[in-house]
Amino acid sequence: VVACLFGMLLVSLMVVSLTVHSEFTNEENKAYVDLKKQQLRRQVKMKAANVIVTAFRLHNVTKSKKSANKMVTKFVWLTKMRQNLAGFKNDFKAINSAEVNIDDLLNNLRNKLARDVNEIKNIFFNMTEAEAKLLIISKKQDSIQGKLEDISSLQLNIGQHLIRLYQEGQASKRN
C-alpha cells in the first residue's frame, strides 16, 4: 500500500514537472490563439463561399426550364444549402464566442494539481504514521501473546498437579 502511494506520488510529481516545462509562454500562447483564429476565419470564409455557390446553383435549378428530375435536383441543392448554412453558423459562432482566458484555465489547473499533490502527500504521511503505530501495536500484541502462552502453560501445570493430587488422594483412600 505504501509502495502504491509512493508510486502515485512520483507519477503526479512527474506530471506536474512535465506540465510546468511544456506550457506556453504568454507570447507563444497569444501566437497560438491568433493562428487558431486565422484558421477558423479561413474556414468560415470557405463555408460562406460554399453557401453562396450553393444558393447560386439552387437559383439556377429553380429558374431552369428542364422539368426532368427538377424536384429531385432542387431537393438535393436545398439539402446541401442547409448543411452549408449549419456549418457556417457553427464556425461563425465559434469565432465570435467569448474567448476563455487560457492563463486563468492554466492557473486553475495548476492550483488544483497542487492541492491534489498536497492531499496525496498528507495521505502518504498519515499512512506512515499509522504504519508506525500499527508496528507498536503488533509488538504489544506479541508481548501479550507470549504472556498468555506463559499463563496457559502455568494453568496446564496447575491442572496436571491438581489431577496428580486428586489421584494420590483417591489412591490413599483405597489403601
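Okay, let's start with a question: is D116 buried, partly exposed or exposed? At 31% relative accessibility, D116 counts as partly exposed. Keep that residue in mind, as we'll come back to its partner. One thing to say up front: this is a predicted model, and everything I'm showing you is computed from it.

Let's walk through the helices. Helix α1 covers residues 2-22. Then comes α2, at residues 26-63. This one has 38 residues and reaches 55 Å from its first C-alpha to its last, close to the 56 Å expected at 1.5 Å a residue. Helix α3 runs over residues 70-96. With 27 residues, α3 spans 38 Å between its first and last C-alpha, and that's close to the expected 39 Å. And α4 takes in residues 102-174.

So what's tucked away in α2? Its buried residues are N29, V44, V51, T54, L58 and V61. The cover over them includes α3 and α4. If you look at α3, you'll find W77, M81, G87 and D91 buried, and there the cover includes α2.

Let's zoom in on one of those, T54. It sits in helix α2, and at 5% relative accessibility T54 counts as buried, because the cut-off is under 20%. Which residues does T54 touch, leaving aside its neighbours within four places in sequence? They are W77, K80, M81 and N84. Two names there should ring a bell: W77 and M81 are among the buried residues of α3.

Now, salt bridges. Side chains of opposite charge can pair when their charged atoms come close. How many salt bridges does a search of the whole structure find? It finds three.

Take R110 and E23, whose side chains meet at 2.5 Å, N to O. This pair links distant parts of the chain: R110 is in helix α4, E23 is in the loop between α1 and α2, and they're 87 residues apart. Both ends are partly exposed, R110 at 34% relative accessibility and E23 at 30%.

Next up is K47 with D91, where the closest N and O atoms are 3.0 Å apart. Here K47 lies in helix α2 and D91 in helix α3, so the salt bridge ties together parts that are 44 residues apart in sequence. The two ends don't match in exposure: K47 is partly exposed at 30% relative accessible area, whereas D91 is buried at 12%.

And here's our opening residue again. The side chain of D116 forms a salt bridge with that of K112, at 3.1 Å from N to O. These two stay within helix α4, four residues apart, so about one helical turn separates them. K112, like D116, counts as partly exposed: it has 42% relative accessibility, and D116, as I said, has 31%.

On to the aromatic rings. The count comes to three aromatic pairs. One of them is F6 with F124, a tilted pair with 6.1 Å centre to centre and 40° between the planes. It links distant parts of the chain, with F6 in helix α1 and F124 in helix α4, 118 residues apart. F6 is partly exposed, with a relative accessible area of 40%, while F124 is buried at 14%.

Then there's F88 with F92. Their ring centres are 5.8 Å apart and their planes are at 25°, so that pair is stacked. F88 and F92 both lie in helix α3, four residues apart, which is about one turn of the helix. Each counts as partly exposed, F88 at 23% relative accessibility and F92 at 41%.

Going back to F6 for a second: ring pairs link F6, F124 and F125 into a cluster.

F6 also turns up in one more place. Where on the structure do F6, L10 and L13 form a nonpolar patch? On the surface, with about 260 Å² of accessible area together. L10 is in helix α1, and at 41% relative accessibility it counts as partly exposed.

To wrap up, here are the things to look for on screen. Find T54 in α2 and its contacts W77, K80, M81 and N84. Then find the K47 and D91 salt bridge, and finish on the cluster of F6, F124 and F125. Thanks, everyone!

Note on methods:
Residues are numbered from 1 along each chain as its sequence is written. This is a predicted model: local features need pLDDT of at least 70, side-chain atom pairs count only at pLDDT 80 or more; totals for chains, interfaces and linings use all residues. Side-chain values use heavy atoms; hydrogens and water are left out. Buried means under 20% relative accessible area, exposed over 50%, partly exposed in between (1.4 Å probe, protein chains only). Contact means heavy atoms within 4.5 Å. The expected span of a helix is 1.5 Å times one less than its number of residues. Patches are made of residues with over 30% relative accessible area and no salt bridge: like charges are joined within 9 Å, nonpolar side chains (Val, Leu, Ile, Met, Phe, Trp, Tyr) within 5 Å. Accessible areas come from the Shrake-Rupley method with a 1.4 Å probe; for residues, only the protein chains shown count as cover. A salt bridge is a side-chain nitrogen of Lys or Arg within 4 Å of a carboxyl oxygen of Asp or Glu. Rings of Phe, Tyr and Trp (its six-membered ring) pair if their centres lie within 6.5 Å; planes under 30 degrees apart count as stacked, over 60 as edge-to-face and the rest as tilted.
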